[in-house]
Number of protein chains: 4
Amino acid sequence: MRAAVFGASGYLGAELLRLLSGHPDVSLTAVGAGEQAGRSVGDVHPHLASVDLQLERLDESVATRADVAFLSLPHGRSGKLAPRLLDAGMRVIDLAGDFRLAPEAYPDWYGFDHPTPEWSAKAVYGLPELFGEQVSGASLVANPGCYPTAAALALVPLLRAGLVTGDGIIIDAKSGISGAGAKPTAAIQFARRDGSVEPYRVGGHQHTPEIEQVLESAAGHTARVTFVPHLVPSVRGVLATCYAPLADSGTTDDLTGALSDAYKDTPFVRALPPGTLPDPKRVTAANVCEVAAVADTRTGTAVIVGAVDNLVKGGSGQAVQNMNLMFGFDETTGLPTVGTFP
Amino acid sequence: MRAAVFGASGYLGAELLRLLSGHPDVSLTAVGAGEQAGRSVGDVHPHLASVDLQLERLDESVATRADVAFLSLPHGRSGKLAPRLLDAGMRVIDLAGDFRLAPEAYPDWYGFDHPTPEWSAKAVYGLPELFGEQVSGASLVANPGCYPTAAALALVPLLRAGLVTGDGIIIDAKSGISGAGAKPTAAIQFARRDGSVEPYRVGGHQHTPEIEQVLESAAGHTARVTFVPHLVPSVRGVLATCYAPLADSGTTDDLTGALSDAYKDTPFVRALPPGTLPDPKRVTAANVCEVAAVADTRTGTAVIVGAVDNLVKGGSGQAVQNMNLMFGFDETTGLPTVGTFP
Amino acid sequence: MRAAVFGASGYLGAELLRLLSGHPDVSLTAVGAGEQAGRSVGDVHPHLASVDLQLERLDESVATRADVAFLSLPHGRSGKLAPRLLDAGMRVIDLAGDFRLAPEAYPDWYGFDHPTPEWSAKAVYGLPELFGEQVSGASLVANPGCYPTAAALALVPLLRAGLVTGDGIIIDAKSGISGAGAKPTAAIQFARRDGSVEPYRVGGHQHTPEIEQVLESAAGHTARVTFVPHLVPSVRGVLATCYAPLADSGTTDDLTGALSDAYKDTPFVRALPPGTLPDPKRVTAANVCEVAAVADTRTGTAVIVGAVDNLVKGGSGQAVQNMNLMFGFDETTGLPTVGTFP
Amino acid sequence: MRAAVFGASGYLGAELLRLLSGHPDVSLTAVGAGEQAGRSVGDVHPHLASVDLQLERLDESVATRADVAFLSLPHGRSGKLAPRLLDAGMRVIDLAGDFRLAPEAYPDWYGFDHPTPEWSAKAVYGLPELFGEQVSGASLVANPGCYPTAAALALVPLLRAGLVTGDGIIIDAKSGISGAGAKPTAAIQFARRDGSVEPYRVGGHQHTPEIEQVLESAAGHTARVTFVPHLVPSVRGVLATCYAPLADSGTTDDLTGALSDAYKDTPFVRALPPGTLPDPKRVTAANVCEVAAVADTRTGTAVIVGAVDNLVKGGSGQAVQNMNLMFGFDETTGLPTVGTFP
């Protein structure tokens, strides 16, 4: 099976190259970039020196060379590109936000009108642990955001089990700096970020409606979420600390049991035993999400925590997991479950 | 005025020495330690090489050499020591938790019975921006915890103004590693913490009742707080992200206005303008708390954020501020308002 | 082929488990530890939760269950253990320093007499790019130290080519904190190390004679090395900056050419093009060494730089590479050549 | 005394504002910037919110408002500006490299011809511990670079004492990222630098001739220096590890004694006792240089180490120290000798 990566110069793109170049069933045939076109992969990403390909400007004509396209482009670009690739016969996995929401949400949350709303309904939201069956048959997959992956994998089993209620959920998330992308700005300089902990886009982050939507569609509840992301001084990793009202007299054991049950047969989600809490450090470079929950019965609040590597299970690893399902490979092929630690 | 520091080998103790050695109205006359007694300050803390004193085992006999005692001891020790120092005629500022709570709270939250409950009522909670008048006349001051300082300075003005309600408050706090103390453990090693973001003591941290108590006494409301602290990979700094129900149709401007009004005449609390959010990096080594608030009107939630350096405004700097008030010095003497940045 | 790991509770041990558990030709059958015996691998190393084994106290009776033993024990222990394992029919790869030096060097550099000097001569120094043929036939391999790996791979080709001379070499090395081990001490705490750059064991580090010995045996020159290691605030990675007298009018192109020639057919050493310099960040989690050289013709000094991940090419990865050669597997089996970046 | 700061938007400029705003004998009257002109100090540098001034475009007309000008401008600009300020009657402290070297060195090392070579000879090199008397009478001071400060304070006493020789010196320096400036580039992003150790400008850094010149003028020896700087993942701090041939049978005690003697009456240089080695972390935010030396008698090499905060003793603090001397204030006024630690 032949794969093309659009947008290979960023962090998600590089991580796609790392994973796909080691995937036994995939041949990486085309690597796309804009300004960097013409340079070799090893020149742009020296750690990928062993990937012997050149970056090029790609469009739908790549369909003659590849069966699947991964789109790791700025928001707003894949909405136009994906339909052309689909029309050319490819399957598409979009790592941007362009097919994650209902079209009418884009003006408010992304600041643009969706260019191809008629295609939006054909996209499957690629969170395999929740929507794996739909992914298997999909031609167009909207790969989830990093925050929604960590939050939804933590919350959905408890919502489904009726242990927490969906109204009045608060999600306080912490992300490493790689989540802010590779484009140089004053805000992501080392001297600015080292020693800093900073909230951003309070109440206005575009992952807010994505989280609400996945909670609603997976759990069948209306969900109302106050979402506040923070940047912390690490490179990779997202921790989502979720606060939800306990439905009734649930205990930590109840919550933990529901998470264990939900994920006992999944290869990539690890429900931790009571007394242990997730840490994204433990899943660095692995396609794994750790989840755990504690009932604060004194206040009637469930604290549910999820952790992923934003570039792997919260990004490129999940995209490869979706590809495995779409093409009938074993779900775990080419995806590490052991992280790099320490 | 002569000062003694008990417990000078830890981080809070070292920070007391840094600040007191530069204070124009204070003569540092005695520096206490246990195992390190007999060594010079510069030997134990090489960055304090210019402080020419020896660590010694101290008790109440230090009253002949000092007017005020700062107690930077493990929880449970100052409860016994402080009364003896007070009886010997000294004034006492306790940086541990021994006089912060009502005596009956100690078994549940600290795991021991308060040894001297009769003295507890004589202690003043040393958060000067809220209780400055009582501090001025106090002999025994309970210096607040780092998390309660950041959280209370953020929340109290909005509770007082009726803009948020006190029931169902969630406080998600992030702390640098120095908050875990200087004692070597596997949990605070560099290789363990770098790249890590980890919640701890969910629902059970001893600062929880301290926060509830200060909110209640300062704002006259019952407060119920779910408190979850996290360790992030920085050295200094606490950020408290507080979520409280908006009382009615409050806006970000309303919230910001209430914070600005509350702190416009205080030297150490900085209410940030709309669009800016607190960051402990900016107050590193300064006796400053930054606060700001955003109304998420879509969900009816106020997001209120406070940031301090846990060793300064959240610890030793606040202790010196209390001392200034107790002894009639200008509140700002010897206390930096400009942080070290970057 | 069945493998046993002695000393699995440390960082090198954990990295052996990570690599061996993913090696297609190896079955990991026994995992040894001291105090941690009885616990599961996932309990001691949560990131290795998918390795379903228990730690146990191991001795030479493991020979019934394993063909090769990896010894990741404190210096001084494998000198006694290895002969017993060899006598029991196993092959042994020692990650400690016990078989790296001539026996007479141990009192001065390690502080103990070598317990089994008669076995010392039978050990092969396991730096495959330099001594690959001997490794293939070895029963006992002394796996090199992290600093000697980076320094020797950088220096040897230039010494062999006569481009630099071996007398008066200075090696200034920088290591991440994981190199100091996992045992909690004040010196490796996060708050102590973050922001710190500190030389240690100046002139007295036990890797000094190891470097001199490998330079002499590989290049046939007497080598005299001043070696100063430093701790820098990162987790993984060693950078060795080596300064050697230019033999005559060598240029940067000459030096670079010699490095490229030496490594053009090796899978794990990457000679960088002129203008690029090694960085251990790029080889994090990969079994790769980057090397490069610059001629400072103004001063007659060659600056030659090597970078490895101290836990992989400078430790456990190299041990697996040695195992591959000893057992006739392809040298690259189970070993990543693409690092985790950023 | 009234001070103006040109180039206040960078890190050295901000550090000048921090120090000058707390200096009891200085009134900060003008703060210059280019693109940021018109904004308030607190807007550009939020940690300096208490400095109530606006940035403005400054030229020599500032002489009516200020007695001394600090120039924290890109290399090449102060060479033209300083003479105009001096002609207008001001005294000038230049933090760039424009007056540090003999004019003929600029084309090779800075890439431009010195615009005002006739003024160059009038500049005094502002390393007060070595050239304090000349500084006291100077109108134009060339404030040293961070690397030369650390290296020269470490090396000069041993060269003067004849304990080491000046030919064949190697200086391997490690710097925090703030030394690379505040301008956003891919090279100084958090995700790029965290976990990285990287040499740069090998053999070509413009501080090389500055170091050779100060060693020669202070010690009366010809000095030939191979200088290799590295970036390490911290914010502040420079550590210079210097390797020089031992002149004869010098011991660590001899070297340590010479450093102690040289600095016993200086307030800002701390010669450490044997067994202790410098660490820039200990002098963070302090105007202090730590120095120490070890004799590797086995190889005949002295290892001499200096550490400074590049923004304070290696930059803005030293500039204020120079100002104190130029204007007859006590040398230590307004300059901290206790660092922020941890």
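Trainee: How much area is buried between chain D and chain A, and what percentage of it do carbon and sulfur atoms give?

Mentor: The size of an interface is often given as the accessible area lost when the parts come together. In this model, which is predicted, the area buried between chain D and chain A is about 1300 Å². Carbon and sulfur atoms give 69% of that area. In terms of residues, 18 of chain D are in contact with 18 of chain A.

Trainee: How many salt bridges and how many residue pairs in polar contact are found between chain D and chain A?

Mentor: The search finds zero salt bridges across the interface of chain D and chain A. For polar contacts, the count is four residue pairs, with both residues at pLDDT 80 or more. Helix H8 (residues 190-193) of chain D supplies the largest share of the side that touches chain A, namely four residues. By class, that side of chain D has ten nonpolar, four polar and four charged residues.

Trainee: By what turn and what shift can chain D be laid on chain A?

Mentor: A turn of 180 degrees, with a shift of 0.0 Å along the axis, lays chain D on chain A with an RMSD of 0.0 Å. The two copies are therefore related as by a two-fold rotation axis. The same surface serves both copies, since 100% of the contact residues of chain D recur in chain A.

Trainee: Turning to the other pair, how many residues of chain B are in contact with chain A, and what area do the two chains bury?

Mentor: Here 46 residues of chain B are in contact with 46 residues of chain A. The two chains bury about 3600 Å² between them, with 60% of it on carbon and sulfur atoms. Within chain B, the residues that lose the most area to chain A are Val197(B), Tyr243(B) and Arg298(B), which together make up 17% of what that side buries.

Trainee: Which polar features are counted between chain B and chain A, and which elements of chain B supply the residues?

Mentor: The count between chain B and chain A is six salt bridges. In one of them, the side chains of Glu212(A) and Arg298(B) meet at 2.7 Å, N to O. Arg298(B) is also among the residues that lose the most area to chain A. There are 26 residue pairs in polar contact between the two chains, both residues of each pair being at pLDDT 80 or more. Several elements of chain B each supply at least two residues of the side that touches chain A, including strand S8 (169-175), helix H9 (207-219), strand S11 (238-245) and strand S14 (301-308). The residues of that side divide into 22 nonpolar, ten polar and 14 charged.

Trainee: Is Glu210(A) buried or exposed, and which residues does Glu210(A) touch?

Mentor: A residue counts as buried under 20% relative accessible area. Glu210(A), placed in helix H9 (residues 207-219) of chain A, has a relative accessible area of 1% and so is buried. Leaving aside residues up to four places away in sequence, Glu210(A) touches Arg100(A), Leu101(A), Tyr125(A), Pro144(A), Gly145(A) and Pro148(A). With Tyr125(A) the side chain of Glu210(A) makes a polar contact of 2.6 Å.

Trainee: How many salt bridges are there over all chains, and which parts does the pair Glu129(C) and Lys313(C) tie together?

Mentor: The whole structure holds 64 salt bridges over all chains. Glu129(C) and Lys313(C) form one, the closest N and O atoms being 2.9 Å apart. Glu129(C) lies in helix H6 (residues 128-136) of chain C and Lys313(C) in helix H11 (residues 312-326) of chain C, so the pair ties together parts that are 184 residues apart in sequence. Both Glu129(C) and Lys313(C) are buried.

Trainee: Where in chain D do Arg236(D) and Glu15(D) lie?

Mentor: The side chains of Arg236(D) and Glu15(D) meet in a salt bridge of 3.0 Å, N to O. Arg236(D) lies in the loop between strand S10 (225-231) and strand S11 (238-245) of chain D, and Glu15(D) in helix H1 (residues 11-21) of chain D, so this pair ties together parts that are 221 residues apart in sequence. Arg236(D) is buried at a relative accessible area of 7%, and Glu15(D) is buried at 0%.

Trainee: Which residues does a network of salt bridges with shared partners join?

Mentor: First, a further pair in chain D: Arg282(D) and Glu290(D) meet through their side chains in a salt bridge of 3.0 Å, N to O. Arg282(D) is buried, with a relative accessible area of 6%, and Glu290(D) counts as buried at 1%. As for the network, salt bridges that share partners join Glu15(A), Arg18(A), Arg236(A) and Asp309(A).

Technical notes:
Residues numbered from 1 in each chain as written. Chains lettered and ligands numbered in written order. Predicted model: local features only at pLDDT ≥ 70, side-chain atom pairs only at ≥ 80, totals over all residues. Heavy atoms only, no water. Least-squares fit on C-alpha atoms with pLDDT ≥ 70 in both. Contact = heavy atoms within 4.5 Å. Buried area = accessible area lost by both parts, 1.4 Å probe. Salt bridge = Lys/Arg side-chain N within 4 Å of Asp/Glu carboxyl O. Polar contact = N/O pair within 3.5 Å; in protein donor to acceptor, adjacent residues only side chain to side chain. Nonpolar A, V, L, I, M, F, W, Y, C, P; charged D, E, K, R; others polar. Buried < 20%, exposed > 50% of the residue type's maximum accessible area, 1.4 Å probe, protein only.
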